[in-house]
Amino acid sequence: MKKIAITMGDPSGIGPEIALKSLSRKSNLRSRCIIYGSKNVLEYYKDLLKIDIDINYLTKNERFDENKINSIDIGNYEEMKIGQVNPSAGKFSYKYIEKAIKDDLEKKVSAVVTCPINKEALNKAGIPYQGHTEIFAALTKTKSYSMMLWSEKLIVDHVSTHVPLKEACDLVKKDRVLECIELLSKAVKKLRGENYKLAVAGLNPHASENSLFGDQEKMEISPAVLEAQKKGIPVEGPISPDTVFFKAANGIYDGVVCMYHDQGHIPLKILDFYNGVNVTLGLPIVRTSVDHGTAFDIAGNGIANEASLIKAIELAEKLI
């Protein structure tokens, strides 16, 4: 059985902690996961958390050991500035991702699960990406992709993500909405089976009420929904954003295409903050992630919650 790569995330954040907590507390995960990170950081947190399971660093002479926490050491991280934005941390967080993607493309692992990175640190290191989603798309040469958030209570996909809100409105175009409907349809079908139904949220209040509050619904969103229906996708919309998530959370819809970042993130995090999982759709590899940030305010205190990472690993296994 191929293994799952876990990238450690920003060394200054909670990634190292939740990675070690997840694998030390779940033997079934420990037996098939490899942490891509820095040895000195992992050893620091192993001591801090009083973890009594050895870390096995995979080299030419060391093989995977199901009774230990397995890791690939990407390099010594010398600037331990816990809880701070640090360009060096941004550089190393990118190195972990780059190596894990390379190994997945070479079939050495079967999925990549990511711990959180800090976008400011990444950019200060001269790595010009908006986040994980864009890194994975670039390094896998993927043109058609989107960000899906999954939880047991709600599934959402996003037409746009890390852009200013004014720009997000301009990105609501028929082709992009249709692309997201198709990507979400494939994912939900894989997770839920043939009997599913999707919804598309409107952009404007009350989905514009027949263009009273904007025309994106009439000009861009409705045509995309109609074309998706012609292709046989069970989808409805645009539906007013103030009701569509209530309907989805109550089982009427299995997934919702959202028009911008916060439209999808807010309802999911209210419903299931600790168990949400971020999934990049459209990639040639399986990539899931925690649905939270680096949490610099609690980093190094040993109190980070690893639930989202455990869910991300379990969802990756379903998608493989």
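Which residues does Ser185 touch, not counting residues up to four places away in sequence? Ser185 touches Tyr196, Leu198 and Ile233. That is one small spot in a predicted model. The rest of this text leads from the sheet to the helices, and then back to Ser185.

Start with the sheet. It is open and has 12 strands. Their order is β3-β4-β2-β1-β5-β12-β11-β6-β7-β10-β8-β9, and the pairing is mixed. Two strands form the edges: β3, residues 55-57, and β9, residues 235-239. Each of these pairs on one side only. From one strand to the next, the twist averages 25 degrees. Strands of a sheet pair through backbone hydrogen bonds, in either the parallel or the antiparallel sense.

Both senses meet at strand β12. Strand β12 covers residues 287-290, and strand β11 covers residues 277-281. These two pair in the antiparallel sense over three bridges. Here Val279 stands opposite Thr288 in β12. The pairing of β5 with β12 is parallel, and this too runs over three bridges. Val113 stands opposite Thr288 in β12. Thr288 therefore has Val279 opposite it and Val113 opposite it as well. β11 and β12 also form a hairpin, with five residues between them. In the turn, Gly282 has a positive phi of about 95 degrees.

Edge strand β9 has a feature of its own. The peptide bond from Gly237 to Pro238 is cis, with omega near 0 degrees. Pro238 is found in strand β9.

Now turn to the helices that lie on the sheet. Helix α4 spans residues 87-105. It lies across β1 (3-7), β2 (33-37), β4 (69-73) and β5 (109-114). Its direction runs at about 155 degrees to β5. Helix α11, residues 261-272, packs on the sheet as well. Helix α11 touches β6 (146-150), β7 (155-158), β8 (198-201) and β10 (255-258). The direction of α11 makes about 165 degrees with that of β7.

Helix α1 is next. How many of the 11 residues of helix α1 are buried? The count is 10, so helix α1, residues 15-25, is largely enclosed by the rest of the structure. The buried residues are Gly15, Pro16, Glu17, Ile18, Ala19, Leu20, Lys21, Ser22, Leu23 and Ser24.

Take Ala19 from that helix. Is Ala19 buried or exposed? Ala19 counts as buried because its relative accessibility is 0%. Leaving aside neighbours within four places in sequence, Ala19 is in contact with Ile6, Ile35, Cys115 and Leu309. Ala19 and Cys115 are 96 residues apart in sequence. In space, their C-alpha atoms are 7.6 Å apart.

Ser185 can now be placed. Ser185 is found in helix α8, residues 174-192. Ser185 is buried, with a relative accessible area of 7%. Tyr196, one of the residues that Ser185 touches, is 11 residues from Ser185 along the chain. The C-alpha atoms of Ser185 and Tyr196 are separated by 8.7 Å.

Two loop residues deserve a look. Lys107 is found in the loop between α4 and β5. Phi of Lys107 is near 65 degrees, a positive value in a residue other than glycine. Lys107 is exposed, with a relative accessible area of 53%. Ala207 lies in the loop between β8 and α9 (216-230). Phi of Ala207 is near 55 degrees, again a positive value in a residue other than glycine. Is Ala207 buried or exposed? Ala207 is buried, because its relative accessible area is 12% and the cut-off for buried is under 20%.

End at the surface. Tyr44, Leu48 and Met80 make a nonpolar surface patch of about 230 Å². Leu48 lies in helix α3, residues 39-48. With 34% relative accessibility, Leu48 counts as partly exposed.

Note on methods: Residues are numbered from 1 along each chain as its sequence is written. This is a predicted model: local features need pLDDT of at least 70, side-chain atom pairs count only at pLDDT 80 or more; totals for chains, interfaces and linings use all residues. Side-chain values use heavy atoms; hydrogens and water are left out. Patches are made of residues with over 30% relative accessible area and no salt bridge: like charges are joined within 9 Å, nonpolar side chains (Val, Leu, Ile, Met, Phe, Trp, Tyr) within 5 Å. Accessible areas come from the Shrake-Rupley method with a 1.4 Å probe; for residues, only the protein chains shown count as cover. A salt bridge is a side-chain nitrogen of Lys or Arg within 4 Å of a carboxyl oxygen of Asp or Glu. Helices (H or I, at least four residues) and strands (E, at least two) are DSSP runs, numbered from the N terminus. Buried means under 20% relative accessible area, exposed over 50%, partly exposed in between (1.4 Å probe, protein chains only). Two strands pair if DSSP finds at least two bridges between them. Axes are lines fitted to C-alpha atoms, for helices over the stretch in contact, and angles run from 0 to 180 degrees between N-to-C directions. Contact means heavy atoms within 4.5 Å.
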